[in-house]
Amino acid sequence: MAEQQALRATFYAFRKRERSGVLLRATAAFAIAAALLIAAFVALFWSSLGPVLNWYGEIVVAAINQDTAAIENTELPMEFFGVVGGVLVWLFPFYLLYAAYEAACLRWMIHGENVGFMGLSLGAPTWRVWCVYWIWFLLNIAFSLVMGVATAVLAGAIVLSTGAAQNAEGAAHVLELIQYGVMIYFAVRLAPAAAATIARRKFAFFDAWTVTKGRFWALFGSFFVLWLLYVLASVVLSIAWFATMMSGIAIDWAGLGDPERVTEAASAIMQGFMQSLQQPRSWAIMAVLWLASALVGLVFYIACYGVNARAATVALEEGKIKPAEQG
C-alpha cells in the first residue's frame, strides 16, 4: 500500500473543479424542494398549528413566570396529536430529499458524476444514503440505551457501597464526560459512512472504519474547525436576532445575579418578543436572518460532505476500499 497522503480535507468541498456551479445548483434544488415540502406541511395543518402554537406560548410564559397552577390548568389541544403525526409522516420525504442532496454532493466530489434534476436523483445512491441514516438512527438508540444502563448500574453500585448519593452524582458526571468522548471518537471514525457507500457504489456503512483508519486526528481537526466556524456564525446571527427583537426593551442586566430579578428579566424579554411579533418589520428581519442561518447551515453541510468525500477518495486511491464492480 502506498504511503498515506495528506488529507487537507477541511475545505475540500470548495476547491476549484473542472466544472463550476454543480454544488450550487444541487443546493438550490434542495432548498426549493425543502421549501415546497415545508409549505405543503403548513398548508395541510394550517388550522391545527394555531391552537398548538398558542398552547406552547402559554406554557412558555407560565414557565418563565414560574406559574405552576397555570401550567397545570393549560390543556393540551387535541390538534397536537395530529400535528405530531403529520411531522412524523413529513419526515419521510424530507430525509429522502436530504439523502438525495448528500448523494448528489458526494457523487460529484468523489466520482465527478452529476445526474438527475440539477444533480438530485432518486436512484440507488440516494436510497443507499437514506439507509445509512437509518443505521445512524439505530446506533444512536443502542448507544443511548447502553450508556443509560451503565450510568444507572454505576450510580447504584456507588450508593450501595458508600451510602453517599453525592459520590454517585459525581461518578455520573465523569461517566457523562466519558460518554461524550466515546461519541466523538465513533462519530469521527464512522463519519464517512455515506461517502464510503458512494465511493464503493454499494451500501458500505462500516467500511467507514477502514476509510478513517490512521486518520482520526486529521478528520477530527477538520470537523473541529468547521464546527467552530459554524458556532461563531450562529452566535453572530443570534446576537443580531436578539438585538433586533429586543430593540427598545429595557433589560436590567446588572441584576441577573438575583433569581427574582432573573425571572423579571425573562418575563420582560418574553413580553418584548411578543410585542415585536406584532410589527411587520420584525417579521421581515426574522425572515432575512432565517435565510442567512439556512445559508450558513447549507455551507456547513457541504463542507462536512467535502471532508468525508476527501477521506473516501484518498481511501480509494490508497486501495483501502474498492468500487463494488472491482471486487
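Here are some notes on this predicted model, point by point.

1. Start with the overall fold. The chain has eleven helices and zero strands, so if you go looking for a sheet you can stop right there, by the definition of a strand used here. Read from one end to the other, the pattern is simply α-α-α-α-α-α-α-α-α-α-α. Of the 327 residues in the chain, 35% are buried.

2. Now for the open spaces. The largest pocket has a volume of about 1,600 Å³. It is lined by 37 residues, and those closest to its centre are Tyr133, Trp136, Asn140, Ala187 and Ala191. Helices H4, H5, H6 (165-190), H7 (193-200), H9 and H11 each give two or more residues to that lining. H5 gives the most, with nine residues.

3. What kind of residues line the largest pocket? Sorted by class, 34 are nonpolar, two are polar and one is charged. Try colouring the lining by class in your viewer and have a look around Tyr133 and Trp136, which are among the residues closest to the centre.

4. The second largest pocket has a volume of about 590 Å³. Its lining is made of Ile38, Phe41, Val42, Leu49, Leu53, Val87, Trp90, Trp283, Met286, Ala287 and Trp290. By class that comes to eleven nonpolar residues, with no polar and no charged ones. H1, H2 (46-64), H4 and H11 each supply at least two residues here, and the largest share, four residues, comes from H11.

5. Next, the closed spaces. There are three cavities of 30 Å³ or more, and the largest of them holds about 40 Å³ of space. Around the largest cavity you will find Ala100, Ala103, Ala104, Arg107, Gly119, Leu120, Ser121, Gly123, Pro125 and Thr126. The elements giving two or more residues to this lining are helix H4 (79-111) and helix H5 (124-162). H4 has the largest share, four residues. The class count is five nonpolar, four polar and one charged.

6. Arg107 deserves a second look. Besides lining the largest cavity, Arg107 forms a salt bridge with Glu113, with the closest N and O atoms 3.0 Å apart. Is Arg107 buried or exposed? Its relative accessibility is 16%, so it counts as buried. Arg107 and Glu113 are also linked with Arg201 in a network of salt bridges.

7. Arg201 has a backbone point of its own. Its phi is near 60 degrees, a positive value in a residue other than glycine. Arg201 sits in the loop between H7 and helix H8 (208-211), and it is partly exposed because its relative accessible area is 31%.

8. Met118 is another residue to check for its phi. The angle is positive, about 55 degrees, although Met118 is not a glycine. You will find Met118 in the loop between H4 and H5. With a relative accessible area of 30%, Met118 is partly exposed.

9. Back to salt bridges: a search of the whole structure finds five. One of them pairs Glu318 with Arg215, where the closest N and O atoms are 2.7 Å apart. Glu318 is in helix H11 and Arg215 is in the loop between H8 and H9, so this pair ties together parts that are 103 residues apart in sequence. Both Glu318 and Arg215 are buried.

10. Glu318 has another partner. Its side chain also meets that of Lys320 in a salt bridge, at 3.8 Å from N to O. Glu318 counts as buried because its relative accessibility is 6%. Lys320, at 19% relative accessibility, counts as buried too; the cut-off is under 20%.

11. Finally, the outside. Which residues form the nonpolar patch on the surface? They are Phe11, Phe14, Phe224, Val225, Leu228, Leu229, Leu232, Leu295 and Val299, with about 850 Å² of accessible area together. Helix H9 (216-245) and helix H11 (280-318) each supply at least two of the residues, and H9 gives the most, with five.

12. One member of the patch lies outside those helices: Phe11 is in the segment before helix H1 (22-44). At 47% relative accessibility, Phe11 counts as partly exposed.

Conventions
Residues numbered from 1 in each chain as written. Predicted model: local features only at pLDDT ≥ 70, side-chain atom pairs only at ≥ 80, totals over all residues. Heavy atoms only, no water. 1 Å grid on protein atoms, 1.4 Å probe; cavity = no way out; pocket = protein on both sides within 12 Å on 5 of 7 lines; lining within 4 Å. Points joined across faces, edges and corners; volume = space filled by probe spheres on them. Nonpolar A, V, L, I, M, F, W, Y, C, P; charged D, E, K, R; others polar. Patch = residues over 30% accessible without salt bridge, like charges linked within 9 Å, V, L, I, M, F, W, Y side chains within 5 Å. Areas by Shrake-Rupley, 256 points an atom, 1.4 Å probe, with all protein chains shown as cover. Salt bridge = Lys/Arg side-chain N within 4 Å of Asp/Glu carboxyl O. Buried < 20%, exposed > 50% of the residue type's maximum accessible area, 1.4 Å probe, protein only.
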